[in-house]
Amino acid sequence: MTVESSSFEPKIVGLLCKWCSYAGADLAGTSRLKYPANITTLRVNCSGRVDPAIVLKALTLGADGVFIGGCHPGDCHYTNGNMKTLRRFKLLQKLLDQFGIERERVRLEWVSASEGEKYARAVRGMTEELRRLGPLNWKMETPALA
Amino acid sequence: MQGWLCCGAVLSNVDDNLITKAGPNRILARAQRDGNTLVTLCAGCYNVLKRTDLHARQLSSTQQAINLFNEETFNGGVDVVHFLEVLRDRIGFDKIEKAVKVPLKRAPVGAYYGCLLLRPFGEMKFDDPNRPSILENLLTRLGCEPIDYPARTDCCGSYLSVGSPEDIQPLSQSIISSARASGAKLLAVSCPLCKYNLEAGQAAQNSNRPLPIVYFTQLLGLALGIESKELELDAQQTQAILENQTTINSVNRK
Amino acid sequence: MGVFVCHCGLNIAGMVNVEELVANAGKQTDVVFAVDHKYLCSEPGQTLIKDSIRQQHLDAVVVAACSPAMHETTFKNLTQLAGLNRYNCEVSNIREQNSWVHDSKDQATAKAQRLISQAIEKVKLNEPLQPITVPVTRQVLVIGGGIAGIRAALDVANAGIQVYLVEKSGSIGGRMAQLSETFPTLDCSTCILGPLMAEVYRHPKIKLLRLARVEEVKGYIGNYKVKVRQEPQYVHEAKCNACGECAKVCPAEVPNEFDLGLTWRKAIYTPFAQAVPPAYVLDARNCLGLLPQACGECQEACDKFGTSCIDLDAWPRVHELDVGAIIVTTGYDLYDATKLTEYGFGLFPDVMTSLEFERMLSASGPTNGEIKRPSDGRTPREIVFIQCAGQREPETALPYCSKICCMYTARHAMMFHHKIPDGQAYVFYMDIRAGGKGYEEFVKRCQEEKGLLYLRGRVSKVYEENGKLIVKGVDTLSGKLVQVIADLVILAVGMIPSVETHQLASTIKASLDPNGFFSEAHPKLRPLESPTAGIFLAGAGQAPKDIPETVAQASGAASKTLGLLANPTLEREPTVAQAVGEQCSGCGICIPLCPYGALSLNAQTKTVEVSEALCEGCGTCIASCPSSALTLRNLTDDQLIAMIEATVQ
């Protein structure tokens, strides 16, 4: 439930790995599940491609939240790229704390190619949370990271 | 141990009624106050307490519920050992052998383990579940000649013998006949319920020369020079131990 | 560039204002042409794209339609056909992740707008990459000379490709050579295997390296450099005529592995009567001594009576092979039955494993095919078979099912009755798994014809009493405890991967599954390929299976190998990592992160280099580099940032 009646709609950037989570998101589509249109996704080969610097960059460019989707541990098409993502994610969370950015703004989900429902639910959940948290307003004119 | 209670026997291992676990958890919590090692003599207590401690370490919601109910919180961490392990690991069988004053004249003793000492192997890790040897090793050092017989790891029927004796007594009776067939003249046990069952089974058969059942600690005491009367061994039992017997079908273990 | 927006009937057009998208696209810089179509993937739709590229002189194409998972390849191929590079085409997913999942036309259209802008940004920065071509060595290595290796080697060699077949023991044939008969046909195993073994030996395109092991594998798919270490050939393979004079005089006797220790062999021996190669083998470890020479009787005998083919000063030899693909057919061993203390294997001589019993049934085995009790040599009358011994037991032994035991136990029980008609066989089982062709009928036949007693229940204990084995079990169908006084007990123990699998897996860099078998790229759709490109699997080394499946897999693996080698060069996706040398500080953080070992540090320049052939393009190294010295072709950081910017408009 939104606390404020503002018409704030968060902008969420999704980074989904091609083999599992992107396919899972596609499945949500073929199953005609519904979720808010706040999320726009990019397809990467592996969640391991996601550099935390890119995540922060996304937040400085105007995103209110970033959703990272990867394969379940053990299922990574590239053996263990998702485990590296996990390690980086944990460090990123600590960094967000130091910046004073709410942890809810960056979310890591393991979504397999058969978990369309899980994806839809996760997106709905994140959108709701960000509506509650409000805009990030971290847009920077000059790039924060070289 | 101060403030000991009944361990609940095998009933405490049951998972669908948490109240049975209150007792063993209390025991362990109190033991933990005094130190982190708890020694048991009885196979049943050993089984229950060791497994309770293992489960308590899991920090499950079940454990939380038990802790809420008991006044004492317990989350595992007690090293539950059986007296045989103390004899073997902390004192050492060598020392015991040296201290033997009355070698037990190659008494043909059958070691009876039953099941609770050994199973489930994953949690008990006491000895090989099918071919254990710790008790035979001790008995050898005391001067006995341990007899190997197939039923030494079979179940005696536990407390079920109290409710349905006719159904359960055949279990203990087959253990006795197996031991007898292999040449044992008495059995050494480590659990009072096993003792009760093995004796009751023979009583029901009106056996005129029942196989004596003694605790392994009684044999230990006898070998160390304690009077049989002090050990509460009756004449028949003492005779079975100390009378020179020819052995048949014995297996000498290391 | 041109933007093409697909209606996909009403799938997209029903929730997205397509005309608006076209209009807005046309307004973007760099977009000179924008159009919509009902079904872009159809023939007319594709023609539209192709013609537009030519007529409008487009240099890039963005297709806004269904998920790239559906038609990306189609559109990329089309773009290439029209004269552009395939990476000049990007597909934007405005269906599965847009029109199908949102219920507001405004929101869906706005999002589609963002998605199209995203694709435009990406395609702007795409490099026109060409696939990476690597040469292919048209030679194949097959590791393991059992039936799987034999079948695979023959299939590949028959296509004219040179095959190196490496076998660790002195003869090919593997487990199948140890069998007496095979179910369900009761063919004599050696009779059907023998001709295949001979064919391998005679084949001009198969080089058989016996007593050899793979020592080192370098390189990548299409270009492997393999080192195979072959034990010293004390007996010259070609010259030996298997006369056996050497074995007659050899003083050293050891248990015969082929008969699982039930018989003895000399230190110089032939693995079995139908061994291929037929040349004898000198077991250096059990010979009385070679350095210095302690005996030499065999050499003397061979010089005097034989072909003078023994050289006791022989050295091991390392073969260096260039191959394009590797087929792994290393087979299985049996679970150590001594661990099953309840059955007493190793303690009671009359408790045997199924493979030992198999040897006993065999006419060339320890008892010439007669069934005898190992303890006293008498003929058993009561025999108990225990199925699932040490298997389907996750807590204490193997968790899985070995698939073949129900079948061979039925066969064993039937053979027992054949040979001992007045005997009685008892089979303790949990289930009967007889799924193959003719299997169920075979088991039923065994049960009905021969009066075998099948008891559904497990055995809790086996012990010896008065020279007999007491088997205590249960028959769950009647609910009764059962005790059998048996003469012989046979344990159907489980298959485990061949003991050297672990070592081999790390040598060839193929992964193993939790049970130690070689893992497949996908259990359903790619069961014959290792995740490591260029390595194929067949037979029990991948998972327990029977002979028909093994042979099928072997031919399948051969077929895949031939497919790989069919072209003189291999094409690999060029969207791989690229090192930007000047920026690399040589920290080496990226190197251990690569699951494929594609990164290495150049010893001279102290900067990182990427092997394009090994790189699979996951991008983990790029994300880890603190100096931005690595980039992923056509998914660079610049591209990601540009795409994200377009996303948060």
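**Exercise 1. Find the domains of chain C, and the spacing of two of them.**

Start with the division: chain C splits into domain 1 (2-125), domain 2 (139-231 + 316-331 + 505-565), domain 3 (245-305), domain 4 (333-496) and domain 5 (577-632). These bounds come from an automatic or database domain assignment. Next, take the centres over C-alpha atoms: domain 3 of chain C and domain 5 of chain C lie 53 Å apart.

Before you go on, know that this is a predicted model, where local features need pLDDT of at least 70, side-chain atom pairs count only at pLDDT 80 or more, and totals for chains, interfaces and linings use all residues. Residues are numbered from 1 along each chain as its sequence is written, chains are lettered from A and ligands numbered from 1 in the order in which they are written, and side-chain values use heavy atoms, with hydrogens and water left out.

**Exercise 2. Work out which chains touch, then describe the contact of chain C with chain A.**

Step 1: contact means heavy atoms within 4.5 Å. Chains A and B don't touch, and their nearest C-alpha atoms are 23 Å apart. Two pairs of chains are in contact, and chains A and C share the most contacts.

Step 2: look at both sides. Chain C brings 40 residues and chain A brings 42 residues. About 3500 Å² is buried between them, with carbon and sulfur atoms giving 57%. (Buried area is the accessible area, with a 1.4 Å probe, that two parts lose on being put together, summed over both.)

Step 3: count the pairs. Between chain C and chain A there are 20 residue pairs in polar contact, both at pLDDT 80 or more. A polar contact is a pair of N or O atoms within 3.5 Å; within protein, one must be able to donate a hydrogen and the other to accept it, and residues adjacent in sequence count only if both atoms are side-chain atoms. As for which elements take part, helix H16 (637-647) of chain C is one of those giving two or more residues to the side that touches chain A. H16(C) also supplies the largest share of that side, seven residues.

Step 4: add the salt bridges, each a side-chain nitrogen of Lys or Arg within 4 Å of a carboxyl oxygen of Asp or Glu. There are two between chain C and chain A. One joins Glu72(C) to Arg43(A), at 3.0 Å from N to O.

**Exercise 3. Do the same for chains B and C.**

Here seven residues of chain B meet nine residues of chain C. The buried area is about 680 Å², and carbon and sulfur atoms give 45% of it. On the chain B side, Asn130(B), Arg131(B) and Pro150(B) lose the most area to chain C, together 71% of what that side buries. Two salt bridges cross this interface, and Lys461(C) pairs with Asp154(B) in a salt bridge at 3.1 Å, N to O.

**Exercise 4. Trace the sheet in chain B and find its edges.**

First, the order: four strands run E4-E3-E5-E6 in an open sheet with parallel pairing. Strands pair if DSSP finds at least two bridges between them; helices (H or I, at least four residues) and strands (E, at least two) are DSSP runs numbered from the N terminus.

Then the edges: strand E4 (145-147) and strand E6 (213-215) of chain B each have a single partner strand, so one side of each has no neighbour in the sheet.

Last, one pairing: E3 (residues 108-111) and E4 of chain B are joined over three bridges, and Val109(B) sits opposite Pro146(B).
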